[in-house]
Amino acid sequence: MGREERFPVWEAALGAGVAAAFAAGLVGVYLSMPDSDYSFLKLPRNLEELQILTGHLENYTSDYTLQVLVGYCAVYIFMQTFMIPGTIFMSLLAGALFGQLRGVALVVFAATAGASSCYFLSKMIGKPLVFTLWPDKLSFFQKQVAKRREKLLNYILFLRVTPTLPNTFINLASPIVDVPYHTFLLGTLIGLIPAAYVTVRVSFYLQIRCLPACCPALCFFVANTNSSFICPYCHAFRLELLLES
């Protein structure tokens with residue numbers, strides 16, 4: 001009984017320690033930047049806020065590239081670790097600030113690192129949370145992993161590129177159903193590339209607007225993880241609808 005009482009304290013202490021480590025990194029980045037007004041620094045929740053943040057950060061990226069990279073990765077990994085929504089905006093930001101190839105590489109690295117951090121945190125303290133939030137999904141996932149044990153990498157890749165199960169759930173549940181970390185890591189690293197490419201590519205069209213009527217004649221469609229579609233010509237309209245849904 002005493003052990004059960006101590007567990008929440010251990011859980012809270014570990015979570016607080018991880019959060020403190022990320023906070024210390026961000027403070028270090030902040031202290032290394034020049035004196036200025038940084039009131040614009042906040043997590044974007046819509047395209048307008050994203051464009052404002054991008055406009056300000058572009059002024060710093062060329063002169064303080066390392067600090068911006070470290071700060072970006074720390075925020076992205078923190079959001080992935082603690083399941084904070086909004087990483088799609090962070091992926092769009094990477095493309096706008098660093099270009100297509102470097103943006104994709106940065107998103108894949110940060111997303112994989114965040115997923116790994118979430119994996120290990122869940123392995124230590126996540127079982128009660130997953131059993132509480134997704135008992136049915138966990139039972140389904142456990143059966144599928146057991147059935148596909150010999151080709152588990154293929155299954156993880158399939159999950160990463162399709163909306164069969166939410167990525168947050170996969171990150172949290174994988175250590176609980178005994179998915180080996182090397183399989184989880186490789187499946188995540190490769191499986192996130194298509195979604196990262198599409199999202200970063202979309203960032204290049206954020207300034208373009210067109211009427212929805214143009215879509216049937218002018219655009220091709222790329223399926224995203226929510227089974228909706230992004231138009232490379234009028235994606236902003238469709239992306240806003242997707243993010244509001």
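Here are some notes on this predicted model, taking confidence first and then the side chains.

1. Confidence. The protein chain averages a pLDDT of 77, and 72% of the residues score at least 70. Residues 1-7 have pLDDT below 50, and that stretch makes two contacts in the model beyond near neighbours in sequence. Residues 207-245 also sit below 50, yet this stretch has 54 contacts in the model, again leaving out near neighbours in sequence. I'd keep those two ranges in mind when reading the rest.

2. Cysteines. You'll find zero disulfides in the structure. Are Cys-73 and Cys-118 buried or exposed? Cys-73 counts as buried because its relative accessibility is 13%, under the 20% cut-off. Cys-118 is buried too, at 1% relative accessibility.

3. Aromatic pairs, local case. The count of aromatic pairs comes to eleven. One of them is Tyr-72 with Tyr-76, a tilted pair with ring centres 5.9 Å apart and 50° between the planes. Why are these two separated by about one helical turn? Because they are four residues apart in helix H3, which covers residues 65-81. Both Tyr-72 and Tyr-76 are buried.

4. Aromatic pairs, distant case. Tyr-119 and Tyr-181 also make a tilted pair, at 5.4 Å centre to centre with 55° between the planes. Here the pair links distant parts of the chain: Tyr-119 belongs to helix H5 (residues 100-125) and Tyr-181 to helix H10 (residues 181-191), with their positions 62 residues apart. As for exposure, Tyr-119 is buried with a relative accessible area of 3%, whereas Tyr-181 is partly exposed at 27%.

5. The cluster. Which residues join Tyr-119 and Tyr-181 in one aromatic cluster? Phe-120 and Phe-184 do, giving a cluster of Tyr-119, Phe-120, Tyr-181 and Phe-184.

6. Asn-171. This residue is in helix H9, residues 167-173. With 3% relative accessibility, Asn-171 counts as buried, because the cut-off is 20%. What does Asn-171 touch, once residues up to four places away in sequence are set aside? Its contacts are Ala-115, Cys-118, Tyr-119, Ser-122, Arg-160 and Phe-184. Some of these names have come up already: Cys-118 is the cysteine at 1% relative accessibility, and Tyr-119 and Phe-184 are members of the aromatic cluster. So if you open the model at one spot, I'd pick Asn-171, which is buried and touches Cys-118, Tyr-119 and Phe-184, among others.

Terms used:
Residues numbered from 1 in each chain as written. Predicted model: local features only at pLDDT ≥ 70, side-chain atom pairs only at ≥ 80, totals over all residues. Heavy atoms only, no water. Disulfide = S-S within 2.5 Å. Buried < 20%, exposed > 50% of the residue type's maximum accessible area, 1.4 Å probe, protein only. Contact = heavy atoms within 4.5 Å. Phe/Tyr/Trp six-rings, centres within 6.5 Å; stacked < 30°, edge-to-face > 60°. pLDDT = per-residue confidence, 0-100.
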